[in-house]
Amino acid sequence: MLPINETHDPRLRSFVDAANAPEADFPIQNLPFGVIRRAGSKEEWRGAVAIGDQALDLSAVAKLHLLSGPAAQAIQAAAEPTLNRFMDMGRDAHGALRAALSRLLAEGSPHEGVLRGCLVPLADIEHAVPARIGDYTDFYASIHHATNVGRLFRPDNPLLPNYRWVPIGYHGRASSIRVSGQRFSRPMGQVCGAGHTVPALQPSRRLDYELELGLFIGSGNALGAPIPIESAEEHIFGLCLLNDWSARDLQAWEYQPLGPFLAKNFATTISPWIVTWEALAPFRVPFQRADGEPEPLPYLTSLANTVAGALDLTLDVAIETEAMRASGQSPERLTRVRLPEAMYWTLPQLVTHHTVNGCNLAAGDLLGSGTLSGPSPGSQGALLELTEGGKKPITLGNGELRTFLEDGDAVIFTAWAERDGFRRIGFGECRGEVLPAPVGVSGAHA
Ligand code: CA
């Protein structure tokens, strides 16, 4: 486990005023990494850290040569147009740069004057996907989600017997992952509705979101060299929010026998700032399962994982329809879920399981947690569950009904960690919007 150190001190304040507001997502205790440039410009992409309502341009800071030792090497890598080389440097380098940036951005910093010249307002920037994502794996780590979905797809056999033993996952597609703000067309695909024996190609009518966490791998492992549970955390760079957009009607027809394919790979949206594993250290909680659930196999068990392998975050899903946008209405919350009640596995367990057969992970690889659903109403991370497969529409505040997403709907994820004695930190926003299907395709089922 990572120690709590001076960078987590709740008394720390930044010379960037907005970072000191109690509800700020990006106080000086957070310091998440992303890749930025001025919106609409042709500038080089470069690494940055969010602080209050500003981004600290790390390529500009690197040119000032204020740092020495491992932090000086780390900032050169973190300033690049993708964060892969920085991620690969490992936990000590990440920690050295975090500590150095914390000192530079603190109230009373002797370098405040020059550093103010390296700040860009968040309102003026655009983001790139922060790493070259070589591989993307999506897990299925919420037992409530797995049970709810299983019940809809296989009423007689909702939770398959392997679920309680294997962290279930599949290899997804990295090429369609974009940062927050992604707008994508409603996907086309094969649908075979009830009563049909021949499928038709049509726009998905059961388009959904999935609330997930994304985990970026830091330093990887060699092929053939599994990552033991005891050192799994050393390979976690940090977390973002992830929307695994899903076309349920395509999924229902195609998913057997090999699992998700075109129902999932048309778009995946991530929040642009990666909250580091070290920033989340104060929010670790015991790994606990409900009474009667089995203990994981020994290779997925360690004292540290039992004592503090889980993470206490709260995540929200909100929707903003076209009508809401037109009338100036704020997004409306659909879901609030706490991470420990959703996750059947810890994130370090997912890393260890992924490599137990010798599979190699590389810096910048992305792991999705799987849809985060809690046990109670209003804590489910997908419309499929909230509407019970489309049978129970949700009535929004303005009277609109939703079973699945309509064209023009935007879905917004937010998340934060808070605990007495520590500063609240947030993830920013993961937003995506559904555009109409491409025109001119026919053959739909009535
Ligand atoms: Ca998923």
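Here are legends for four close-up views of this predicted model.

**View 1. Who holds the calcium ion?** Look for four side chains around the metal: Asp-138 and Asp-244 each offer an OD atom, while Glu-210 and Glu-212 each offer an OE atom. These contacts run from 2.2 to 2.3 Å. Read along the chain, the donors are spaced as D-x71-E-x1-E-x31-D.

**View 2. Two aspartates from distant parts of the chain.** Zoom in on Asp-138 and Asp-244, a pair 106 residues apart. Asp-138 sits in strand β6 (residues 136-139). Asp-244 comes from the loop between β14 (236-243) and β15 (246-247). Are these two aspartates buried or exposed? Both Asp-138 and Asp-244 are buried.

**View 3. An open sheet of 5 strands.** Walk across the sheet and you'll meet β9, β26, β25, β20 and β21, in that order, with mixed pairing. The edges are β9 (182-185) and β21 (332-338), and each of them pairs on one side only. From one strand to the next, the twist averages 20°. At one end of the walk, β20 (residues 314-320) and β21 run antiparallel and are joined by 6 bridges. If you want a spot to start, find Ile-319: its bridge partner in β21 is Glu-332.

**View 4. The buried residues of helix α6.** This helix covers residues 143-153. Its buried residues are Ile-143, His-145, Ala-146, Thr-147, Asn-148, Val-149 and Gly-150. What do they pack against? The buried residues of α6 have two helices as neighbours here, α10 (339-342) and α12 (383-386).

How values were computed. Residues numbered from 1 in each chain as written. Predicted model: local features only at pLDDT ≥ 70, side-chain atom pairs only at ≥ 80, totals over all residues. Heavy atoms only, no water. Donors = N, O, S within 2.8 Å, 3.2 Å for Na, K, Ca; no water. Helix = DSSP H or I, 4+ residues; strand = E, 2+ residues; numbered from the N terminus. Buried < 20%, exposed > 50% of the residue type's maximum accessible area, 1.4 Å probe, protein only. Pairing = 2+ DSSP bridges. Axes fitted to C-alpha atoms, helices over the stretch in contact; angles between N-to-C directions. Contact = heavy atoms within 4.5 Å.
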